[in-house]
Amino acid sequence: MRPFAWLAVLALAVLWLALPASDSAEVAVQRIGVLLRSPIEGEKRSLADELLEPKTAEGALPSDRRLEQLALGGVRFAVPGVGIEDLTIHGRARRAVIAALRQAALEGGNALEIQGELSPVVGGTNILLSLRDGQLYARVHRPPGAEIAASIPAPPSDRRALLPALAAIALMLVWRRPLLALFVGLSLGTFLLFAADPATAPQAWDGFPRRLAQILSDELSATADWKPMATMLALLATWAITARNGGLGGWSAWLSQRATDARRAQFVTWICAVSACFEAPGKNVALGWMLRTTAVRARVSAEKFAWLLDATGSAILGLCVVSPWSGYAFDLAATQSGFSQDPGQLWLETLPWRSFCWLTLAFGPLVLWSGRDFGSMLAAERRAREGLGASARGARMVFKAPEPDPRSALQAWRVLAPFAVFSLALAAQGLRDSGALSGEFKFASRASWLSLAQAAARPDASMIAALAALLVALVLSSVAGAERGVPAALLRGLRAALRPCLLIFGAWALGFISSRLGAGEVLAAALGERVAPQTLPALLFALSAAISFCFGSAWVALALIVPLAGGLAAASGSVFAAGPAALAAMSLAAVLEGSLAGALLSPLSTSSLSASIGAGADHADHLRTQSPYALLTLVSVLLFGFLGAGLYGLGPWAALALVALAHAAVFTWLSRRSERRPA
């Protein structure tokens, strides 16, 4: 076993043991959002749907949106061991209710105006929350006397909720078998879930698989979480078809004449990753389809190729105004208390504080220009340069990428056409859903571009685009007379795509079970509400990184931490030296950067998994070589960026310059040339 695996497992164990004990009230407050989205007793509508129904101001927003209004009265939270006179718990519950309602309105494409954000409104809706007997209850009293109620299981969550994800991550590094590690983590999570809520547990052991399958199928049918897997399946099948009909071979032959060495091949990969602003897994699979053969011929290691896809793609998604992730993140932040600006203003104000994304984006050109690497990436690059293979001996590839068929005529347009259709279909659906085609889009407005990005984030868009690309590849092969062998290639591609899809599904299922156990709430509650404003951005950065690492998703961390960050920044901004506006911008940027950093390090991340798939790399090798680079950037940003700026009052550009200098100095000290000089 490699020392990296032992050190990583030891670090995970130490961090898990060092996690402070969770207070039941703090964890329960984090679950209020789930409670409000749960069905009302005896109905299918949720509490949030019912609360957002009463008053609507039509015409206050564009035609596809509504301005919903709510008068909020008293909010009380009864928790065992906490007196009803404790105003702190009621204030935290009120902020959680407001954040959950704003999020529910945002998911419905609407905006929400609340009367009584800070203090109760006479004649408003009163909400009584209570925690007892392992259940979290909500009873809503609406004038003139109507009453509705809902409840959800609230098992006593502690750090055991993190065990399934951490166990899967540790075993993935030790065993180097991602599917087996995910199965063990999922089994452990299922056992803990049924142990915490015996009423839902099956009566016999042989009923556990059936009950788990029912829970997962119910969640998949209620959400669109299956669509990214369908997207990846269609793209991998398209890859196999273009390898058979001569399209991939023609494109690789043309590109190899221009990317003649490893440095140029890496630069082409970096440029393509920067240019593509759509979401993983489609992005990494599509770019791997287009560039992998050229990278292998130029003697670029599979680990370096996967790192360029993963890190550069994540950084540009975080920075670009038209990326789906940015559209969701800033629209979410604009609806939460503490962030009073519109999404476009928030994007602009946080840009100077986005040091993790800026450094990650610049890291690629620095490595390419210098020709230097360090750690396990250095060993991988030297192996590839010396002709010992793009992957290490004994590597277990996530996806055995199809190579160009030498018997087919070279026709580069047969691969360019499906790729262009995929990109254009994504753009067209985003323009349609954002109102650009109906004349409502304002090209000079940052908010309009963010709304375009949010429209492109819908899972339907990527799936439809991938299916269109697959259809075009099939039609072109038939029209050009290259259909012979294409059905067999399609079947081989679908069969080879089975394991990657199982990995993506397993990572999603483990994240879902962890959320049911309350893992995110436990980590969010660990921060508490007694934080010095000078250290708040650094703590938010570390907390959001921990959540996205455990869940393998930056999207989950945003939904959990953005409301908390808004409330904490608003509460302590008055005593911050640079003012409340500066603390709010730093806090939001810290959450955004931390969530991306944690996802970049997580073995469960869709981005990392799809990068391993697209690069044809061993997933454990990809994590082992990428982690030192991501950790170097993460530590530099945490110490010299958010912590230094909070403690010493540095401005955003001064903090960014300090982080860049420290990062470059440490990299220069650690790195060596990738190509050995001849003796």
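Q: Is Glu147 buried, partly exposed or exposed, and what is its relative accessible area?
A: This is a predicted model, where local features need pLDDT of at least 70, side-chain atom pairs count only at pLDDT 80 or more, and totals for chains, interfaces and linings use all residues. Residues are numbered from 1 along each chain as its sequence is written, and side-chain values use heavy atoms, with hydrogens and water left out. Buried means under 20% relative accessible area, exposed over 50%, and partly exposed in between (1.4 Å probe, protein chains only). Glu147 is partly exposed, at 43%.

Q: Which residue forms a salt bridge with Glu147?
A: A salt bridge needs a side-chain nitrogen of Lys or Arg within 4 Å of a carboxyl oxygen of Asp or Glu. Here the closest N and O atoms are 2.8 Å apart. The partner counts as partly exposed, at 36% relative accessibility. It is Arg139.

Q: How many residues apart are Glu593 and Arg354?
A: The two form a salt bridge, with the closest N and O atoms 2.7 Å apart. Glu593 counts as buried at 0% relative accessibility, and Arg354 counts as buried at 0% too. Helices are DSSP runs (H or I, at least four residues), numbered from the N terminus. Glu593 sits in helix 26 and Arg354 in the loop between helix 15 (343–350) and helix 16 (355–370), a separation of 239 residues.

Q: Which residues form one network through salt bridges that share partners?
A: Start from Arg385 and Glu381, whose side chains meet in a salt bridge (2.8 Å, N to O). Both lie in helix 17 (residues 375–385), four residues apart, about one turn of the helix. Both are buried. The network joins Lys304, Asp373, Glu381, Arg385 and Glu675.

Q: Which helix gives the largest share of the largest nonpolar core?
A: A nonpolar core is a set of buried Ala, Val, Leu, Ile, Met, Phe, Trp, Tyr and Cys residues joined through side-chain atoms within 4.5 Å. The largest one has 172 residues, of which Phe422, Leu558 and Ile561 touch the most other members. The largest share is 14 residues, from helix 26 (residues 580–601).

Q: Which residues does Ile561 touch, not counting residues up to four places away in sequence?
A: Contact means heavy atoms within 4.5 Å. With those sequence neighbours left out, Ile561 touches Ala524, Leu540, Leu543, Ser544, Ile547 and Val591.

Q: How many residues does the second, separate core hold?
A: Its members include Ala25, Ala105, Leu112 and Ile148. The count for this second core is 37 residues.

How values were computed. Helices (H or I, at least four residues) and strands (E, at least two) are DSSP runs, numbered from the N terminus.
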